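Me: I would like to go through the terms used for this model one at a time. For each, tell me what earns the label.

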Amino acid sequence: MSETSMNINNEGTATTTERSDDVVLSVKHVGKYFRLPTEQATGLKQAFINWTKGIKGYKEQHVLHDINFDVHRGDFFGIVGRNGSGKSTLLKIISGIYVPDGGSVEVNGTLVPFIELGVGFNPELTGRENVYLNGALFGFSHDEIAAMYDDIVEFAELEEFMDQKLKNYSSGMQVRLAFSVAIKAQGDILVLDEVLAVGDEAFQRKCDDYFTKVKKDPNKTVILVTHSMDSVKKYCNKAILIKDGDIIVNGSKEDAANRYTLENLKAEAKKRDEEKKDDDGYAEGLNSRCPILRINPQTSLVCKSSDTFRFDVEYDFNEDTDFYLAIALHDLRRGGVAYDTGSKTLKMKKRGHQTVHYEMPLNVFNNGDFRLVASLRTPSVANPKSTDMVAFTNDANSCAFVIRDGRNREYALLSDRAIEITQIA
C-alpha cells in the first residue's frame, strides 16, 4: 500500500514522495552547525578590515555529523545521549523547528512534537481555547481537534476548569493539559522530549498506563528523548545513542542504555583531571604523606552478575611503618555499604609508588549502581587493635560501576542466587 510522505532537505523545501514500506521517519546524512560570534565589527570600516584579513567574526559549532537512522511504524524509539550530545537539536530537526545544513528528514504521516511543556499556550485564553490553539499549531483542523477534545480533557482531568483562563491554572494543571493535548492528538508519530515524569503521582501512573498501551499498538509510533535508562528499557524496542554529534549505538535498546551508563561513568572518571586541590595542592582526601591514592578499573564498568570485577589500587606511601588498605563497596542506588573489608584490612608489602591488583565476584548482587572506595591506614597508637586513616579516595579517585543483568531484579541488593527464603513448616 503506497502512502504519501514529506521530505525536508537542507534548503528547507518540502517535497512529496510515494512510499511503499513501513518507515515513518527516515533521517539520512543529517548534519547541523551553528555560528557562534567571536567578535563583532563596530562599523563598516572595521567590517571591511576584518574581511580583508579573513576574520569571519564567528566560529562554526558542528552539533550533528552525518546522522542516519530509520523509525518504523509501531516503534517506540529512544534517542539518548549526555547533555550537549546533539539529541535535542536532532529532535528539533525532526520536528521541523530547525532545518538541517546537510541531508534530509522524511516524515511519512502526521507528526506531533512535544518538545517543551506548554509551548504555544496563551495564558489569556481559556483551557478550551488553548486546546484548539495548540492543536492548530500541530497542524489539525478545527473539526479534527473537536473530535479529540473530549479525550484530551478527560485524560487531563480538567473538565471543570476548561472555561477558565490558563493564567489561573496551577503549574501542575498546565502541565497536565499540555501533555494531554500532545499524547491524545490523533497523530501517527508522537515526539517527546524528557516529559514522561510530569504531573503528580496519580497522573504519572495514568501516563505509564497510556504508554504501556501505546507500546502494544502497531500503528502508533513514539520517539522519546530521555535521560532515564529505566524508561528506555521499559518502553522502547529500539534506541540510538548520540555522542558529540555522532551515533555510536544504533538499534539495540540494551546496548544504547548500557553504553549511555558507561559514558556517564567515563565522564565521572574525567574528574580526576579536574580535582579540586586544597591549600597544599592536594586533592581532597590526599596529603603529603599519601599524595596518590586511586582505584583504576581494569574491566568494563557495565557488568553482569556472572562477571568478576577487576581493579587496581594505586598508592604512594613511603613511611617506615606497617600500613594497610581498606576497601568498601557503596550501594549508590539503595544507599549504605554493600561490603567492607572490615577486619580483613589488606596489609601492604611494598612502599613507594605502587599498584596492587584485586578482583571481586559479582554473582550475589542484583542490578545496581556501585562505587568502590579505599583508604590507606596505619596502626593506631591509641588502640593497637585499630588503625588510623592517612588518606582516602574522593569521588573522582574512587571507581563507580554498574551491574545490568537480565536475570536480576532491580529492588533488593542480593540476588535470588545469593539468598532464598524457603518455608520449612
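Reply: Strand β19 (residues 368–379) is a good place to begin, with 10 of its 12 residues buried. One caution applies throughout: the model is predicted.

Me: What makes strand β19 "mostly covered"?

Reply: Buried means under 20% relative accessible area. In β19, 10 of 12 residues are buried, and the strand is therefore described as mostly covered.

Me: How do you know that β19 pairs with β15, and in which sense?

Reply: Two strands pair if at least two bridges are found between them. Strand β15 (residues 324–331) and β19 are joined by eight bridges, so they count as paired, and they run antiparallel. Within that pairing, Ile-327 faces Ala-374 of β19.

Me: Which other strands pair with β19?

Reply: Strand β21 (residues 399–403) pairs with β19 through five bridges, in the antiparallel sense. There, Leu-372 is opposite Cys-399 in β21. Strand β20 (residues 387–392) is also joined to β19 by five bridges and runs antiparallel to β19. In that pair, Pro-379 stands opposite Thr-387 of β20.

Me: Why is no disulfide counted in this model?

Reply: A disulfide needs two cysteine sulfur atoms within 2.5 Å, and by this rule the count is zero. Cys-399 is an example: the nearest cysteine sulfur belongs to Cys-303 and is 8.7 Å away, so Cys-399 is in no disulfide.

Me: Is Cys-399 buried or exposed? And Cys-236?

Reply: The cut-off for buried is under 20% relative accessible area. Cys-399 has 2% relative accessibility, so Cys-399 counts as buried. Cys-236 is at 0%, and is therefore buried as well.

Me: What makes β12 and β18 edge strands?

Reply: They belong to an open sheet of three strands in the order β12-β14-β18, with antiparallel pairing. β12 (292–297) and β18 (352–361) each pair on one side only, and they are the edge strands. From one strand to the next, the twist averages 20°.

Me: How do you know that β12 and β14 are paired?

Reply: At least two bridges are required. Six bridges join β12 to strand β14 (residues 308–317), so the pair qualifies, and the two run antiparallel. Ile-292 is opposite Asp-316 of β14.

Me: Why is Lys-32 called buried?

Reply: Lys-32 has a relative accessible area of 11%, and the cut-off is under 20%, so Lys-32 is buried. Lys-32 sits in strand β3 (residues 23–37). The C-alpha atom of Lys-32 is 5.0 Å from that of Asp-101, although the two are 69 residues apart along the chain.

Me: What is notable about the backbone of His-29?

Reply: Phi of His-29 is near 55°, a positive value in a residue other than glycine. His-29 is also in strand β3.

Me: Where is Asp-244, and what is its phi?

Reply: Asp-244 is in the loop between β10 and β11 (246–251). Phi of Asp-244 is near 50°, again positive in a residue other than glycine.

Me: Why is Asp-244 called exposed?

Reply: Exposed means over 50% relative accessible area. Asp-244 has 55% relative accessibility, and therefore counts as exposed.

Me: Which pocket does Asp-244 help to line?

Reply: The second largest pocket, with a volume of about 270 Å³. The pocket has 12 lining residues, and those closest to its centre are Arg-82, Lys-243, Asp-244, Glu-263 and Ala-267. β10 (238–243) and α8 (253–269) are the elements that give two or more residues to this lining. By class, the lining has three nonpolar, three polar and six charged residues.

Me: How many cavities of 30 Å³ or more are counted?

Reply: One. The largest cavity has a volume of about 70 Å³. A cavity is a space where a 1.4 Å probe fits but cannot get out, whereas a pocket is open.

Me: What lines the largest cavity?

Reply: The lining has 13 residues, and Ile-183, Gly-187, Leu-190, Tyr-210 and Lys-220 lie nearest the centre. At least two lining residues come from each of α5 (171–184), β8 (189–193), α6 (201–215) and β9 (221–225). By class, the lining of the largest cavity has nine nonpolar, two polar and two charged residues.

Conventions. Residues numbered from 1 in each chain as written. Predicted model: local features only at pLDDT ≥ 70, side-chain atom pairs only at ≥ 80, totals over all residues. Heavy atoms only, no water. Buried < 20%, exposed > 50% of the residue type's maximum accessible area, 1.4 Å probe, protein only. 1 Å grid on protein atoms, 1.4 Å probe; cavity = no way out; pocket = protein on both sides within 12 Å on 5 of 7 lines; lining within 4 Å. Points joined across faces, edges and corners; volume = space filled by probe spheres on them. Helix = DSSP H or I, 4+ residues; strand = E, 2+ residues; numbered from the N terminus. Nonpolar A, V, L, I, M, F, W, Y, C, P; charged D, E, K, R; others polar. Axes fitted to C-alpha atoms, helices over the stretch in contact; angles between N-to-C directions.
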